[in-house]
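Visitor: Could you take me through one part of this model, the largest nonpolar core, and show me what builds it?

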Amino acid sequence: MNNYFQLFGLTEQFSLDQAALMQTYRDLQKSVHPDHYANQGQQAQRLAVQKSAQINDAYQTLKSPLLRAQYMLLLVGVELKGEQQTLRDPMFLMQQMEWREELDDLKRSQDIDKLEAFSDAISAERAALNSNIASAFDAGEHRQDVQTWANEVRKLSFMDKLLTEIAQAEDALDY
Amino acid sequence: MAYSEKVIDHYENPRNVGSFDKNDPQVATGMVGAPACGDVMKLQLKIDDEGVIEDAKFKTYGCGSAIASSSLVTEWVKGKTLDEAAALKNTTIAEELALPPVKIHCSILAEDAIKAAIEDYKSKQPA
């Protein structure tokens, strides 16, 4: 089976053009549309449905920076999805804890301006981590030093969790 | 998903929430995180001169099972030696709290928090 990058005709790197990705996704889905297979028997129809599901999985994975990074690590033999391993990086985790405490305080104070400023600051932190990962993965560094980069990708999931919670807090303040 | 009564009890009345001064030489701090769910756990042990854990506190940002696992561990480790505490297995925590398979990682987080705290303590001792 082709890997997701091959399926989308892409070279295996982290940086990609989201608009082009979506266009390829639409073209691929069109090519396996059930209408094309209406007269071709059950076998061909079933294969088209499978292909369509695979194209969908590939798109969801490639679209998300976190899932894309996890997938690129999977291609070099490290499975992060659903892993039970814990991250032990006291500095990073202490920072995470402080940020979550800060979010709790902001929720209590219901200060929407401060919450937005916090949201921007954390988004910037996440973007910085993401761009480190992007340049390293584009350069193929994750193949040489898998464990270091697996940890950086693990950190990304903590940032995502924090940002999800910030978004929920913003929704709860209802604006 | 339904939580067991014990999880709910620890979640609603968490034991030993709080912090010690992490710079105190008698205090061991274990920081761990679960990438699968983004939960973060801090476990602190106060250790006396005989190497016995006299007090424990935790702070966890995570789901009910993660909070219950860390709360339970702070109760269990009190009065234990470091070696006894290090021998505590996640399966014992998961069994006590009747954690479903998808929440096993919460008990692993609590076990690893003890181990990380003990490592921190050992690194603080003069060689």
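Guide: Here's a walk through that core, and then a look at the chain around it. Keep in mind that this is a predicted model. The largest nonpolar core holds 53 residues. If you want its best-connected members, pick out A:Phe8, A:Leu73, A:Ile122, A:Ile133, A:Phe137, A:Val153 and A:Ile166, which touch the most other members. Plenty of helices chip in: H1 (4-7), H2 (18-31), H3 (41-63), H4 (65-75), H5 (90-109), H6 (112-138) and H8 (146-172) of chain A each provide at least two of the core's residues. The top contributor is H8(A), with 11 residues.

Now zoom in on A:Ile166. Setting aside its neighbours within four places in sequence, A:Ile166 is in contact with A:Leu103, A:Leu115, A:Phe118, A:Ser119 and A:Ile122. There's also a second, separate core of 31 residues, and that one includes B:Val7, B:Ile67, B:Leu72 and B:Ile114.

Stepping back to chain A, you'll find eight helices and zero strands. Its radius of gyration is 20 Å, well over the 16 Å that the globule rule gives for 175 residues, so chain A is more spread out than a compact globule. The C-alpha trace of chain A spans about 65 × 45 × 30 Å along its principal axes. As for burial, 40% of the 175 residues of chain A count as buried. And if you take the chain A contacts between residues at least 6 apart in sequence, 71% of them join residues at least 24 apart. On the outside, chain A has an accessible surface of about 9,800 Å², with 48% belonging to carbon and sulfur atoms.

Methods
Residues numbered from 1 in each chain as written. Chains lettered and ligands numbered in written order. Predicted model: local features only at pLDDT ≥ 70, side-chain atom pairs only at ≥ 80, totals over all residues. Heavy atoms only, no water. Core = buried A, V, L, I, M, F, W, Y, C linked by side-chain atoms within 4.5 Å. Buried < 20%, exposed > 50% of the residue type's maximum accessible area, 1.4 Å probe, protein only. Helix = DSSP H or I, 4+ residues; strand = E, 2+ residues; numbered from the N terminus. Contact = heavy atoms within 4.5 Å. Rg over C-alpha atoms; globule rule 2.2 N^0.38 Å. Areas by Shrake-Rupley, 256 points an atom, 1.4 Å probe, with all protein chains shown as cover.
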